[in-house]
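This report goes through one chain element by element, beginning with a single helix and widening to the domains and the core. Please keep the sequence and the structure in view while reading.

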Amino acid sequence: GGLGDVLGGLPPAMAANGHRVMTVSPRYDQYKDAWDTEVTIELKVGEKLEKVRFFHCYKRGVDRVCVDHPLFLEKVWGKTKSKIYGPIAGEDYQDNQLRFSLLCQAALEAPRVLNLTSSKYFCGPYGDDVVFVANDWHTAPIPCYLKSLYKARGIYKSARVAFCIHNIAYQGRFAFADFSLLNLPDEFKSSFDFIDGYDKPVKGRKINWLKAGVLESDKVLTVSPYYAKELVSSVEKGVELDIILRKTGITGIVNGMDVQEWNPLTDKYTSVKYDASTVLDAKPILKEALQAEVGLPVDRKIPVVGFIGRLEE
């Protein structure tokens, strides 16, 4: 989806501007380009110590790091016929809080423990002087773990967290008693504390990961100036977090486009390549090819409208 597009295109653009950039994501599959770093760490997840391993590849100036653990790998679509976030649409896995707590903690460790040497401009661990960009509710506890596990011990003193909201409809709302699963000090409980006003699945007091991410981060971002205005405009548009966002402030930055991925001169999915000088000749031919492929009348004079998005309630 949109977050995948951003994580594909934005990091290389940042690297091209001279930044050292790492992405950290779950290892949901046997990604052919990602190699075992043989670096393992132990993390407190729920009541257990869990060992995770880091896989790594270097592409377009970016260190792509995958967190390897059975909680992620067992959810592979091809093997379990299930989805990443739940067994069926609309239903969460029971271990989602544990899985994403593990991801958050692993992401905070990766810049310190991985001795990466793929870049000709940078080498070694990233160190403490970093900015973490957390995306959506799954990584919202990152600023909380950063403060409680690191800054309190004099580590990551200058590190900052920017929290980006891609879709505010998904907030990570869980039973209030589940706060203990996160192994965070009680001082963070108020940032998670939330009264759910919706009937479905049930009203009442809960914890809200997204709310905590908004309150505890240094900067709150979203994917466009228009969406930023929309989120603070009403209870419905802000999905009950509009007051919080008005308090913290939120900045909209328009999603960019990966000009290498979306280059019509090199696009492997089109039979006719073109640039600005040949676009008027190529587009009618490509339109006819698309019409023929999907069973529409083949006529270059008929407008074809494409829609990329999703339909939801």
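In this predicted model, helix α1 covers residues 2–16, and its 15 residues reach 21 Å from the first C-alpha to the last, close to the 21 Å expected at 1.5 Å a residue. The buried residues of α1 are V6, G9, P11, P12 and A15, and the elements that cover them include β1 (21–26) and β4 (62–68). After α1 comes G18, a residue with a positive phi, near 100°.

Another glycine, G46, is placed in the loop between β2 (35–45) and β3 (48–59). Is G46 buried or exposed? With a relative accessible area of 7%, G46 falls under the 20% limit and therefore counts as buried. Leaving aside residues up to four places away in sequence, G46 touches L98, L181 and N183. The C-alpha atoms of G46 and S101 are 8.6 Å apart in space, although 55 residues separate the two in sequence.

Helix α5 (residues 142–150) is mostly covered, with 7 of its 9 residues buried. These are I142, P143, C144, Y145, L146, S148 and Y150, and they pack against helices α4, α6 (189–192) and α7 (209–216) as well as strands β5 (131–135) and β6 (160–165). Two of the buried residues of α5, I142 and L146, are also touched by F132. The other contacts of F132, not counting residues up to four places away in sequence, are A107, L108, P111, Y156, A159, R160, V161 and A162.

F132 also leads to the largest nonpolar core, which has 62 residues and in which F132, I165, I168, F192 and W209 touch the most other members. Helix α4 (residues 96–113) makes the greatest contribution to this core, giving 8 residues. Because domain 1 (1–127) and domain 2 (129–154 + 164–262) both supply residues, the core lies between them.

The chain as a whole is divided into the domains listed here.

| Domain | Residues |
|---|---|
| Domain 1 | 1–127 |
| Domain 2 | 129–154 + 164–262 |
| Domain 3 | 264–312 |

Taken over C-alpha atoms, the centres of domain 1 and domain 2 are separated by 20 Å, and the contact between these two domains takes 26 residues from domain 1 and 26 residues from domain 2.

The chain contains 10 helices and 11 strands. Its radius of gyration is 22 Å, close to the 20 Å that the globule rule gives for 313 residues, so the chain is as compact as a globular protein of that length. Along the principal axes, the C-alpha trace spans about 65 × 50 × 40 Å. Of the 313 residues, 42% count as buried, while the accessible surface of the chain comes to about 18,300 Å², with 56% of that area belonging to carbon and sulfur atoms. Among contacts between residues at least 6 apart in sequence, 62% join residues at least 24 apart, and the contacts of G46 with L98, L181 and N183 offer a local view of how separate parts of the sequence meet.

How values were computed:
Residues numbered from 1 in each chain as written. Predicted model: local features only at pLDDT ≥ 70, side-chain atom pairs only at ≥ 80, totals over all residues. Heavy atoms only, no water. Core = buried A, V, L, I, M, F, W, Y, C linked by side-chain atoms within 4.5 Å. Buried < 20%, exposed > 50% of the residue type's maximum accessible area, 1.4 Å probe, protein only. Helix = DSSP H or I, 4+ residues; strand = E, 2+ residues; numbered from the N terminus. Domains from an automatic or database assignment. Contact = heavy atoms within 4.5 Å. Rg over C-alpha atoms; globule rule 2.2 N^0.38 Å. Areas by Shrake-Rupley, 256 points an atom, 1.4 Å probe, with all protein chains shown as cover. Expected span 1.5 Å × (residues − 1).
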